[in-house]
Amino acid sequence: MKKKRILFVDDEQHVLDALRRMLHGMRDHWEMSFATSGKRALDILQSSPQDVIVADMRMPGMDGVTLLDQVRSSHPGVIRLVLSGHSDTNTALQSVRHAHQFLLKPCQAGELRAAIDRATTLQDIFSNEAVKTVVAKIETLPSLPRTYLELMQELRREEPSLRIVGELINQDVGMSANILKLVNSAFFGLRTHVSSPVHAVNLLGTEIIKALIISLHLFSRFNMDRFPEFSLELLWKHSLTTGLFAKTIAQAEERRPQEIDDCYISGLLHDVGKLLLAANFEERYQEVLSRSRTERRTVHDMEKEIFSASHAEIGAYLLGLWGLPENVVTAIFSHHTPPAAPLPGFSTLLAVHAANSLEHELVVLNADYAPHPMDTTFLEVSGMGRRIEDWRQACARRLTEEFHLERENTLR
């Protein structure tokens with residue numbers, strides 16, 4: 001197997017020496033280069049194509065922002081990671097749109113290896129060059145929200161505190177308000193009023209909270225005024241309901257709590273690629289929406305025709321770079337086009353594919369768009385085809401429960 005080429009850039013030689021020692025065990029898998037300046041890094045990239053660049057932010061002469069911006073422009077296929085010290089956090093978070101992922105110093109060897117492996121695995125899995133081309137052209141590639149980064153820092157501790165996690169969310173007033181509003185809505189079906197982020201974390205768990213932070217962050221970046229025919233509210237409701245249905249299907253199959261959470265997270269985030277495409281390719285995405293209505297074709301199919309890549313692939317690529325679990329990324333990537341020869345049995349992908357189709361069937365948000373039929377062959381080959389009607393009934397019941405809870409909340 002061909003070695004992956006990784007370029008590390010830091011103006012402090014002792015940092016590069018420490019990285020060289022720390023990653024010595026990867027020499028059979030990676031071909032590593034080390035540069036003490038942005039100029040030297042660009043020279044290396046010019047003479048020897050790289051798969052990943054890992055750069056510090058504060059460097060004399062050419063800083064990390066300038067370096068990564070030039071790499072994005074001249075070598076768009078290179079995965080760009082930031083490895084920044086605690087003192088640089090504010091600067092890095094403001095400038096991290098030039099990077100695909102942000103890592104904090106000190107970074108453990110295992111964490112750094114996992115981030116790089118994840119990024120290079122994505123290059124192998126998502127081999128569609130059109131996907132890479134579209135991602136490379138996204139000028140405003142969103143960064144992970146600050147709240148999420150700080151939350152992850154706390155969760156990496158040996159004994160993380162849910163109280164501190166809740167307090168971190170509470171520091172972001174907008175995020176805190178949106179999470180509380182959402183958690184108290186009918187979508188979660190909680191019979192108790194959630195009064196604080198600490199309470200929300202205790203009830204829902206950290207994985208669900210992290211997914212909500214990512215989703216709310218991406219939706220908040222979208223400019224609705226520029227897309228009068230694109231309803232952010234309807235997309236948000238579709239995403240929430242698909243997550244709810246995927247969770248319902250997993251519960252019906254009596255899956256483990258972690259699997260149930262993964263199904264919910266995948267359903268919640270399955271359409272974030274639409275936001276990326278719409279925000280960065282406004283005119284072309286207007287064409288996608290217009291033609292999908294007039295020609296009665298799915299948005300997914302029209303995206304493939306116009307971009308040669310779909311929102312499913314673009315969203316999965318970004319979320320994979322951000323470090324979401326592989327089964328979640330795979331479910332998002334293939335939720336419209338599951339494999340012809342799947343592994344037998346239940347999977348996160350199976351739940352999200354079925355949930356997305358059932359949501360379009362049971363909740364008709366816009367009659368002008370073509371329906372998304374369920375791939376019954378995929379379900380039959382997986383050995384789960386006989387369960388479709390049970391899932392349909394379970395999801396319909398959840399819709400009814402949601403409606404009644406919404407009425408109760410309105411009347412309070």
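These exercises walk through a predicted model of one protein chain.

**Exercise 1. Take stock of the whole chain.**
Task: state how many helices and strands the protein chain has, and what share of its residues is buried.

Solution.
Step 1. Count the elements. The protein chain has 21 helices and 5 strands.
Step 2. Turn to burial. Of the 412 residues in the protein chain, 55% are buried.
Step 3. Look at the surface. About 18,700 Å² is exposed, and carbon and sulfur atoms supply 49% of that area.
Step 4. Check the reach of the contacts. Take those between residues at least 6 apart in sequence: 68% of them join residues at least 24 apart.

**Exercise 2. Lay out the sheet.**
Task: find the strand order of the sheet and say which strands stand at the edges.

Solution.
Step 1. Read the order. The sheet is open, has 5 strands and runs 2-1-3-4-5, with parallel pairing.
Step 2. Find the edges. Strand 2 (30–35) and strand 5 (101–104) each have a single partner strand, so one side of each lacks a neighbour in the sheet.
Step 3. Add the twist. Ignoring direction, neighbouring strands of this sheet are turned by 20° against each other on average.

**Exercise 3. Follow strand 3.**
Task: name the strands that pair with strand 3, and trace where its side chains point.

Solution.
Step 1. Take one partner. Strand 3 (residues 52–55) runs parallel to strand 4 (residues 79–84), and 4 bridges join them. Within this pairing, valine 52 has isoleucine 79 as its bridge partner.
Step 2. Take the other partner. Strand 1 also pairs with strand 3 in the parallel sense, over 4 bridges. Here leucine 7 is matched with isoleucine 53 of strand 3.
Step 3. Sort the side chains. Val52 and Val54 point one way from strand 3, while Ile53 and Ala55 point the other way. All of these residues are buried.
Step 4. Add a helix. Helix 3 (residues 64–74) lies across strand 1 (4–9), strand 3 and strand 4. Helix 3 runs at about 165° to strand 3.

**Exercise 4. See what helix 6 packs against.**
Task: list the buried residues of helix 6 and the helices they pack against.

Solution.
Step 1. Pick out the buried residues of helix 6 (residues 129–137). They are Ala130, Val131, Val134, Val135 and Ala136.
Step 2. Name the partners. These buried residues pack against helix 3, helix 14 (272–280), helix 16 and helix 17 (311–321).

**Exercise 5. Classify an aromatic pair.**
Task: decide why the pair of tyrosine 285 and phenylalanine 307 counts as tilted.

Solution.
Step 1. Set the scene. The structure holds 4 aromatic pairs.
Step 2. Use the geometry. The ring centres of tyrosine 285 and phenylalanine 307 are 6.4 Å apart, and the planes stand at 35°.
Step 3. Apply the cut-offs. Planes under 30 degrees apart count as stacked, over 60 as edge-to-face, and the rest as tilted. At 35°, the pair is therefore tilted.
Step 4. Place the residues. Tyrosine 285 is in helix 15 (residues 282–294) and phenylalanine 307 in helix 16 (residues 299–307), so the pair ties together parts 22 residues apart in sequence.
Step 5. Check burial. Tyrosine 285 is buried at a relative accessible area of 0%, and phenylalanine 307 is buried at 5%.
Step 6. Widen the view. Phe281, Tyr285 and Phe307 form one aromatic cluster.

**Exercise 6. Place a charge over a ring.**
Task: which ring does arginine 20 lie over?

Solution.
Step 1. Find the ring. Arginine 20 lies over the face of phenylalanine 34.
Step 2. Give the distance. Arginine 20 is at 4.2 Å from the ring centre.

**Exercise 7. Profile two residues.**
Task: is serine 239 buried or exposed, and what does valine 328 touch?

Solution.
Step 1. Locate serine 239. This residue lies in helix 12 (residues 232–252).
Step 2. Judge its burial. Buried means under 20% relative accessible area. Serine 239 has 1%, so it counts as buried.
Step 3. List its contacts. Leaving aside neighbours within four places in sequence, serine 239 is in contact with Phe219, Gly267, Leu268, His270 and Asp271.
Step 4. Move to valine 328, in helix 18 (residues 326–333). Valine 328 is buried, with a relative accessible area of 1%.
Step 5. List its contacts. Not counting residues up to four places away in sequence, valine 328 touches Asp262, Ile265 and Ser266.

Note on methods: Residues are numbered from 1 along each chain as its sequence is written. This is a predicted model: local features need pLDDT of at least 70, side-chain atom pairs count only at pLDDT 80 or more; totals for chains, interfaces and linings use all residues. Side-chain values use heavy atoms; hydrogens and water are left out. Helices (H or I, at least four residues) and strands (E, at least two) are DSSP runs, numbered from the N terminus. Buried means under 20% relative accessible area, exposed over 50%, partly exposed in between (1.4 Å probe, protein chains only). Contact means heavy atoms within 4.5 Å. Two strands pair if DSSP finds at least two bridges between them. Axes are lines fitted to C-alpha atoms, for helices over the stretch in contact, and angles run from 0 to 180 degrees between N-to-C directions. Rings of Phe, Tyr and Trp (its six-membered ring) pair if their centres lie within 6.5 Å; planes under 30 degrees apart count as stacked, over 60 as edge-to-face and the rest as tilted. A charge sits over a ring if NZ of Lys or CZ of Arg is within 6 Å of the ring centre and within 35 degrees of the ring normal. Accessible areas come from the Shrake-Rupley method with a 1.4 Å probe; for residues, only the protein chains shown count as cover.
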